[in-house]
Number of protein chains: 2
Amino acid sequence: MGEFDLIKRYFDCPELRAGPVMSIGIGDDCAMLDIPQGCQLAVSSDTLVAGTHFFADMQAHQIAQRSLAASVSDLAAMGATPGWFNLCLTLPEANPQWLAGFSQGLACQAHACGISLAGGDTTRGPLSISIHAMGWAPADAALSRSGAKTGDAILVSGSLGDSAAGLRLVQANRQAQGYLVERYWQPTPRLALGQWLRQKATACVDVSDGLAQDLGHILKASVCGADLQLNQLPLSSALLAQVSQAQAQDYAVSGGEDFELCFTLPQHHVASALAYAQDSALPITKIGSIGGELGCRIWHSDGTEYQPQCGYQHF
Amino acid sequence: MGEFDLIKRYFDCPELRAGPVMSIGIGDDCAMLDIPQGCQLAVSSDTLVAGTHFFADMQAHQIAQRSLAASVSDLAAMGATPGWFNLCLTLPEANPQWLAGFSQGLACQAHACGISLAGGDTTRGPLSISIHAMGWAPADAALSRSGAKTGDAILVSGSLGDSAAGLRLVQANRQAQGYLVERYWQPTPRLALGQWLRQKATACVDVSDGLAQDLGHILKASVCGADLQLNQLPLSSALLAQVSQAQAQDYAVSGGEDFELCFTLPQHHVASALAYAQDSALPITKIGSIGGELGCRIWHSDGTEYQPQCGYQHF
């Protein structure tokens, strides 16, 4: 099977075109794509390497789902609407069974996100996946990291720490199942929430490296400080059934890869965000506020300070 | 050195912002970019893996230059104007000397192409480089592969086979120098020619996998055939000084990675293309014509048919 047959069979299929129509898609030197008038292109790139970000012996459809979800989550964090993605797939060999599984997982996630495969590259080498996600947002309406202001509330969607706990279960047993493992394999990009937050949130980030580290990006870009209440971090009952509360809180603060949104809101928008949460069945929790000295402080309920572990460091 | 320090030091620098201003660049979840009104986004992704596409012991600045040139060449082949690129860099270790060389080579090529680094990802793993090049072309004016028609002339820019010969020299001796080696390390994306060809060429492709294979993409997409004259393929004097004419012709037909443009033109545009070549000091050569049965035939001057080797196959 040559490169072009491989692309034709596993990637140039209707199931991978859940997004907007393309002027030119797979099969030319470039894809040609239409950004809606008055909107800016939003683009983000992520690489996942076997042995670093996932285990090479994981199921291909899971690897695909998780890779695409992680990339699309960056669009969500900007309040962008997903459009297309390019896939650079490096494979040690062209294994039809693996490719069929990968293609199915990719199609499943692409459908859930309403995004189309526009192009990419397949090459031979150590297994890795690089995804370039593209979308759009109205001009100058994207949610950046740099607008948080003293007095803003800090909120987070969903629950935190589930993915970190799921990863531990998978590390111990590749066949592990259940809610926590699913949150690791099939994180949900919070696209609708991101778009709802446009014109409301002053800053937003997705929780990929760990809450403390990702909120730290907002604080650094916005040049401000934050106080968080440890006992207000949203923890799922599945997580609390699996590990101690202290361990669950550690995962929530430093675990990463939950792909929930952490955002800052002026106080007058907090009530409507909580109402939105009720309507959309996606929990949103106020976990602290912007203010005080630079840096992030996390407080136990007894008023002593919690010391977070470090978030994920690639080098 | 952490990931964020590494990005700050080697990639978030003015030398890598030779393209249009960015609404949001490096340092947020997505870059936010403005496509000029009335234009479509052109996007292409390429991965280069150490051991497959280049030798890991090559100089970092050369690897960077060649990687970016290869990606931007796809924009040239569509007639697009370059804007930005995302870089996914997977490294076995954060070696400051290597990173400094890579950053310099990248900046040099980015400046030559007028393109800005908008974002990307740095991860740990086996050395590989994935570049996502973005640009724009007026709506529906991009050069696709699918418009070639019977009677069109087939033309090619520059000379063919130099890069393949340069690669052989580098394989034998990493310190090899000279014109052929330079054509391998520093191919020139034919951006101005690509833009000039808009509204004139009926199909266009860049020569990355080898002339026969890349022209084959045009023939397949356009559902037509072609006849090429072997003795009309443009060969540089440096190439003919290095290898026999027969070897030079083999490299020209099947060598790949010259990143010249191969395009089809209605006969009434051929004279103006040759005049453009004179004005721009970039040779353009007519090498054959579209017509006859499906597939590509290459003819010796004695009327017998030449049998090409295969172009590059990833799998």
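Guide: Two strands count as paired when DSSP finds at least two bridges between them. Keep that in mind; the model here is predicted.

Visitor: What makes β7(B) and β9(B) a pair?

Guide: The cut-off is at least two bridges. β7(B) and β9 (residues 261-265) of chain B are joined over 4 bridges, in the antiparallel sense. That meets the cut-off, so they pair. In β9(B), Thr264(B) is the bridge partner of Ala203(B).

Visitor: Which way do the residues of β7(B) point, and are they buried or exposed?

Guide: Ala203(B) and Val205(B) point one way, Cys204(B) and Asp206(B) the other. All are buried. Buried here means 20 or more other C-beta atoms within 10 Å. As background, side chains in a regular strand alternate between the two faces of the sheet.

Visitor: How do you know how β1(A) and β2(B) are joined?

Guide: Count the bridges. 3 bridges join β1(A) to β2(B), and these strands run antiparallel. The cut-off is at least two, so they pair across the chains. Leu33(A) stands opposite Leu41(B) in β2(B).

Visitor: What is the strand order of the sheet that holds β1(A) and β2(B)?

Guide: The order is β1(A)-β2(B)-β5(B)-β3(B)-β4(B). These 5 strands form an open sheet with mixed pairing.

Visitor: Why are β1 of chain A and β4 of chain B called edge strands?

Guide: Look at their partners. β1 (31-33) of chain A and β4 (116-124) of chain B each pair on one side only. On average, neighbouring strands of this sheet are turned by 20 degrees against each other, direction ignored.

Visitor: How many bridges join β3 and β5 of chain B?

Guide: There are 9 bridges between β3 (residues 81-91) and β5 (residues 128-138) of chain B. The two strands run antiparallel. Leu87(B) stands opposite Ile131(B) in β5(B).

Visitor: Which helix packs on the sheet?

Guide: Helix α2 (residues 60-78) of chain B does. This helix touches β2 (39-49), β3 and β5 of chain B. The direction of α2(B) makes about 30 degrees with that of β5(B).

Visitor: How are chains A and B related?

Guide: A turn of 180 degrees and a shift of 0.0 Å along the axis lay chain B on chain A, with an RMSD of 0.0 Å. That is the relation of a two-fold axis.

Visitor: How do you know which surface the copies meet through?

Guide: Compare the interface residues. Of those in chain B, 100% are also interface residues in chain A, so the copies meet through the same surface.

Visitor: What makes up the side of chain B that touches chain A?

Guide: Contact means C-beta atoms within 7 Å. By that test, 58 residues of chain B are in contact with 58 residues of chain A. β2(B) gives the most to this side of chain B, with 9 residues. By class, the side of chain B that touches chain A has 25 nonpolar, 22 polar and 11 charged residues.

Visitor: Which domains does chain A have, and where do they touch?

Guide: The domain assignment gives domain 1 (3-138) and domain 2 (153-306) of chain A. Their centres, over C-alpha atoms, are 26 Å apart. In contact are 19 residues of domain 1 and 17 residues of domain 2 of chain A. On the domain 1 side, α2 (60-77) and β3 (81-91) of chain A each supply at least two residues. The largest share of that side, 11 residues, comes from α2(A).

Visitor: What do the buried residues of α4(A) pack against?

Guide: They pack against α5 (179-185), α8 (237-242) and α9 (245-254) of chain A. The buried residues of α4(A) include Ala164(A), Leu167(A) and Val170(A).

Visitor: Why is Asp140(B) called exposed?

Guide: Exposed means 12 or fewer C-beta neighbours within 10 Å. Asp140(B) has 11, so Asp140(B) counts as exposed. Asp140(B) lies in the loop between β5 and β6 (153-157) of chain B.

Visitor: What is the phi of Asp140(B)?

Guide: Phi of Asp140(B) is near 60 degrees, a positive value in a residue other than glycine. Most residues other than glycine have a negative phi.

Visitor: Where is Ala281(B), and what makes Ala281(B) exposed?

Guide: Ala281(B) sits in the loop between α10 (270-280) and β10 (284-290) of chain B. Set 6 other C-beta atoms within 10 Å against the cut-off of 12 or fewer, and Ala281(B) is exposed. Phi of Ala281(B) is positive too, near 60 degrees.

Key
Residues numbered from 1 in each chain as written. Chains lettered and ligands numbered in written order. Predicted model: local features only at pLDDT ≥ 70, side-chain atom pairs only at ≥ 80, totals over all residues. Least-squares fit on C-alpha atoms with pLDDT ≥ 70 in both. Contact = placed C-beta atoms within 7 Å. Axes fitted to C-alpha atoms, helices over the stretch in contact; angles between N-to-C directions. Domains from an automatic or database assignment. Nonpolar A, V, L, I, M, F, W, Y, C, P; charged D, E, K, R; others polar.
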